[in-house]
Structures are given as C-alpha cells and as structure tokens.
Amino acid sequence: MIYTCIVNYMSHEDTIDCIESLRLTNEYRAGDLHVIVCDNDSPGESFDVINCYFKTRFSGQYTCFRAKANKGFAYGVNQCVERALSNHDAQYIWLLNPDCIVRENSLTELRNSLDKNHASAGSSVLLNDSHEPTIQAAWGVYLPYLGTTFDAMANKSPLSLNEDHVLGPNQYMVGASILIDIDSVSCSLFFDESYFMYFEDVDFSFMLFNSKHKIICSSRSRVVHRKGSSVNKSIQMNSRIKDSLYLKYIENTVYFSNKYHKKFTPFVKLFLFFRLIKSSLRLDFSKAKILAAYLLVRQNKKKLYSV
C-alpha cells in the first residue's frame, strides 16, 4: 500500500484539487493508494470542508484528522507518517504538497525510478502551472558558504531532462513530491520538527545522504506545483505572519548550517548581515528590523513574533 501524506493549512481548495488529481493515478484505480490528510489546525472551515469532501465525494481509502495545534509543516508531516507506519501494509510513503496536481503516471514513474536505481527515496520534477510547462525545480542545491539554495534546471524545458539524476553532496529532493521506500528507510519521524517551515526537505535529504542512502530525482515523474499557495494566503490575511515566516527562515538558515556545515556558519551570518544592509538601502525596513534583531539582539529573537 502507498500512503500519500498531505498537510493542509487554510488551503482546502488546493488540497481537494490535489486529491482529485490523485483519483486519476494508476495506483488509485488499482486500490493501492491510501490518502492521509493532516489539517494543521487551520482557522475557519478548511478542515470541515475537506472532511465533508472525503465523506461525500471520495470513494477510496483515506484518513483525515486535525492536529491539536499548528506546530509547523514538519510536525504535520510526521503526524501523517506516524499514522501510515501504524499500518503493516505500508510499502511506500508519498509526501505531497497540497498545491500539487499529479498526472496519471506521476507515482508509477517515481516508483519505477526508485526500483531501477535501487534508491531509498526520490522526488518528482516540478513543473510551473502554465499552458506550456517549464521546469520549476528538478532538485535543489545548497550553497554552504552562503546558507542559500537554488532550484536546479529551473525554467528549462522538461524535454531537457532525459535521465534520472542521482543526488550528490549538497543536493536535495525538493519536498513538494517525495516518495520513500519504507523497507529502505527505517525512521519513525521523517522531518526534524525544529523547522517550523523551510529547510525540512533539505534536512531530510542530507540525513538520508549522510546515512549512505541513495536518493534520486525521477526524470519521468512530473508534477505541477502551484508554489506556496497556502503560505501566500496566510500572508494576505496578516502581514505579521509574513514577518514571522521570514524570521523562521533566518533562524532555520543558521540552524541548518550549524547542524551540517558548522564551519561555514560565520560566513552564513556575514551574508545575513549583507542582507540587512541591502534591505535598509531598499527601504525594506520590515526585513531589516527582523535581520537586525536576529543578528544584533539574538537573545530577544524569540519574543519578536510567534505563529
């Protein structure tokens, strides 16, 4: 059985669109797909709408539950994984963002790539949502001396990627669509919950790579990714959330560097200082204030914002 794990937060429209696309997959038609949705304690009706959808319009196997509190994306993923692993028939776990639209063979090709390459985990090629799809990201690359990342193959034609890519040092699976072989990966919690948001997929990939697991990007598994839709909705509702998420990004940048590339952390902090200067020159005082508070008044950073 393949357990598809989706974390929802104020994005029931996207989540339902994602589940609708899952109904077209070969695995769903064969009865081999179990959909797990964790609502991360969304305010309003988001959880109720999804739960009603499952009860009235979904004929497959599913689990839908609401987390007791919003403790971040990593926490939501681990809640899904915990429920999946409680079933003895779990063979694969498919981590899927709610803002993804999958194709009929997206999962089939991902499984084939894992088998062919004897890999423990793999990710799909993410496509931009457009009439003439271009690659949004195939895999990610981390720059340890800056603490930043970039998307490999971005804005190129999907035809330019003909072979599966085996990930090497400082490369990671982009987290919107990741398939894990349960027989190969023996861990109960997949994501480090110290990350409220950002860097979870980078950390997970580094953990697997450092444990000598083979991880890949499947060239034939394609998924359309409506990037960051739930985050954007949160920001539109409250500009304070935008500042809070930016603070989380800064904190996670340094936390990840300390965890995997500690010798480069001073350079990462120096690069953040350059960002502070740049934000000030651009009159972006909101970002400048957060950067200054983190870099210059670090002992008070936890009091700045909370999600």
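Mentor: Before we look at the sheet, two strands count as paired if DSSP finds at least two bridges between them. What you see is a predicted model, where local features need pLDDT of at least 70 and side-chain atom pairs count only at pLDDT 80 or more, while totals for chains, interfaces and linings use all residues. Residues are numbered from 1 along each chain as its sequence is written, and side-chain values use heavy atoms, with hydrogens and water left out.

Trainee: OK, so which residue is the bridge partner of Val141 in β9?

Mentor: Phe150 of β9 is the bridge partner of Val141, and strand β8 (residues 140-143) pairs with β9 over four bridges in the antiparallel sense.

Trainee: And in what order do the three strands of that open sheet come?

Mentor: The order is β9-β8-β11, with antiparallel pairing; β9 (148-151) and β11 (171-172) are the edge strands, each pairing on one side only.

Trainee: Changing topic, how many helices and strands are there in the protein chain?

Mentor: The protein chain has ten helices and 13 strands, where helices (H or I, at least four residues) and strands (E, at least two) are DSSP runs numbered from the N terminus. Its radius of gyration, taken over C-alpha atoms, is 19 Å, close to the 19 Å from the globule rule (2.2 Å times the number of residues to the power 0.38) for 307 residues, so the chain is as compact as a globular protein of that length. The C-alpha trace spans about 55 × 45 × 40 Å along its principal axes.

Trainee: At what angle do α1 and α3 pack?

Mentor: Helix α1 (residues 12-22) and helix α3 (residues 46-57) pack at about 25 degrees with their axes 9 Å apart, the axes being lines fitted to C-alpha atoms over the stretch in contact, and angles running from 0 to 180 degrees between N-to-C directions. That makes α1 roughly parallel to α3, since angles under 35 degrees count as roughly parallel, over 145 as roughly antiparallel, 65 to 115 as roughly perpendicular and the rest as oblique.

Trainee: Which residues of α1 make the contact?

Mentor: On α1 they are His12, Thr15, Ile16, Ile19 and Glu20, while the α3 side includes Val49, Ile50 and Tyr53, with contact meaning heavy atoms within 4.5 Å.

Trainee: What about α9 and α10, how do their axes cross?

Mentor: The axes of helix α9 (residues 265-281) and helix α10 (residues 285-296) come within 8 Å and cross at roughly 150 degrees, which means that α9 is roughly antiparallel to α10. Their contact includes Leu272, Phe273 and Leu276 of α9 and Ala288, Leu291 and Leu295 of α10.
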